Amino acid sequence: MSLPPGSTIGILGGGQLGRMMALAAARLGYKCHILDPHEFPCAAEVSAHFTRAKFDDERALQRFAADCDVVTYEFENIPVAPLAVLGDKLMPGRRSLEVAQDRGFEKRFLESCGVPVAPWREVDGEADIIAALEALGSPILLKSRRYGYDGKGQAWVHRPQEAASAWEAIGRQPAVAEAKMSFEAEFSAVLARGRSGETAAFPLTRNHHEGGILRTSTVPAGPEIDAMAGQAIAAAKAIEDALDHVGVLTVEFFACADGPIVNEIAPRVHNSGHWTIEGAHTSQFEQHLRAILGLPLGEPSLVAEGAAMENLIGPDVDRWAAYLAEPGAHLHLYGKGEARPGRKMGHVTRLK
Ligand code: AMP
């Protein structure tokens with residue numbers, strides 16, 4: 001059963017992903033209701049309704065669910081248990097969240113799907129770090145199991161003597177240790193799965209990170225990455241099917257000499273898919289809505305020969321007037337206020 005225009009879409013999280021989703025919803029005649037604990041989340045500015053509440057406030061979630069025809073999320077660090085009150089209205093479901101928000105569960109799940117990941121170990125203290133160094137070789141990358149994003153909660157370890165400071169650096173919390181992968185490039189697959197299990201994948205996107213933060217995304221991704229498209233898309237579909245995922249899912253890969261290795265998954269629209277707003281026949285935001293609303297999935301192919309997206313991080317946003325003056329540059333600003341270092345303030349997309 002599909003939900004017609006005029007229905008209300010609930011979005012857990014009020015950041016820029018929610019904002020761009022709400023803009024896509026408005027274009028199709030749907031209303032959005034944002035739930036977020038912050039005072040003025042940027043998604044609420046462009047949505048019909050806003051509830052300011054914590055994500056684990058069950059009474060607020062209950063009222064929110066009663067007002068919404070479907071509920072989705074724009075980030076994955078949300079406590080899962082309280083979401084039970086949302087019942088079948090939550091799409092993607094709780095399993096997608098549960099797997100993606102814990103790097104340990106995620107790795108085990110990916111392995112169970114037959115998807116290649118970097119060699120890894122669980123870490124619960126300094127002794128495990130030393131054991132992981134021995135088992136995986138030097139260096140290893142320590143990543144907190146939960147609440148890591150944009151390279152936060154991560155530390156490289158080269159020698160056993162660094163175990164104590166690395167454990168301290170990630171906040172002495174449960175972690176995974178990964179072998180250092182040598183890769184030619186990083187890329188992502190952004191794809192949607194509809195309520196009946198149908199899928200549509202956007203062209204693979206080449207991603208360039210600086211300091212753990214995505215800097216640019218480029219499509220086409222280049223011959224060495226496109227040669228891996230068959231394997232990468234098959235892996236991403238296997239992940240979606242195993243989760244019974246409904247909505248957009250993003251899989252981040254390393255392009256290694258022996259083929260694609262999955263770094264991590266996001267059960268949602270993704271920064272590396274922002275180019276689709278102008279660059280694809282259907283944007284990732286509209287595609288996500290189509291999937292969760294039970295509408296036909298849209299055409300995901302490029303509308304031009306290529307597209308390049310550049311993130312505006314921190315003070316980069318001060319150049320907004322220059323981007324506006326540049327012919328063919330599509331400027332997106334998220335209305336987030338203070339341009340703190342490392343904060344994603346907007347992006348620019350250029351078509352080729
Ligand atoms: P993540 O938060 O897992 O996406 O990691 C942030 C960035 O660190 C990635 O985009 C890579 O550039 C780098 N990275 C993560 N894991 C590894 C690894 N196992 N080996 C080498 N580089 C890595």
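**A tour of the core and the ligand site**

Select first Ile9, Val70, Trp275, Phe285, Leu289, Ile292 and Leu293, which touch the most other members of the largest nonpolar core, a set of 37 residues. Such a core consists of buried Ala, Val, Leu, Ile, Met, Phe, Trp, Tyr and Cys residues joined through side-chain atoms within 4.5 Å; buried means under 20% relative accessible area (1.4 Å probe, protein chains only). This is a predicted model, in which local features need pLDDT of at least 70 and side-chain atom pairs count only at pLDDT 80 or more, while totals for chains, interfaces and linings use all residues. Residues are numbered from 1 along each chain as its sequence is written, and side-chain values use heavy atoms, without hydrogens and water.

Next, colour the elements that give two or more residues to this core, including β1 (8–12), α1 (16–27) and α10 (284–293). The largest share, six residues, comes from α1. Helices (H or I, at least four residues) and strands (E, at least two) are DSSP runs numbered from the N terminus.

Now centre on the ligand. It is surrounded by 15 residues (a heavy atom within 4 Å), of which Lys143, Gln154, Glu178, Glu186 and Glu264 are the closest. The side chain of Lys143 places an N or O atom 2.8 Å from a ligand oxygen atom, and for Glu264 the corresponding distance is 2.8 Å. The protein covers 89% of the 480 Å² of accessible area that the ligand has on its own (Shrake-Rupley method, 1.4 Å probe).

Finally, select β6 (140–144), β7 (154–157), β8 (175–179) and β14 (259–266): each supplies at least two residues of the shell around the ligand.

Notes:
Buried < 20%, exposed > 50% of the residue type's maximum accessible area, 1.4 Å probe, protein only. Polar contact = N/O pair within 3.5 Å; in protein donor to acceptor, adjacent residues only side chain to side chain.
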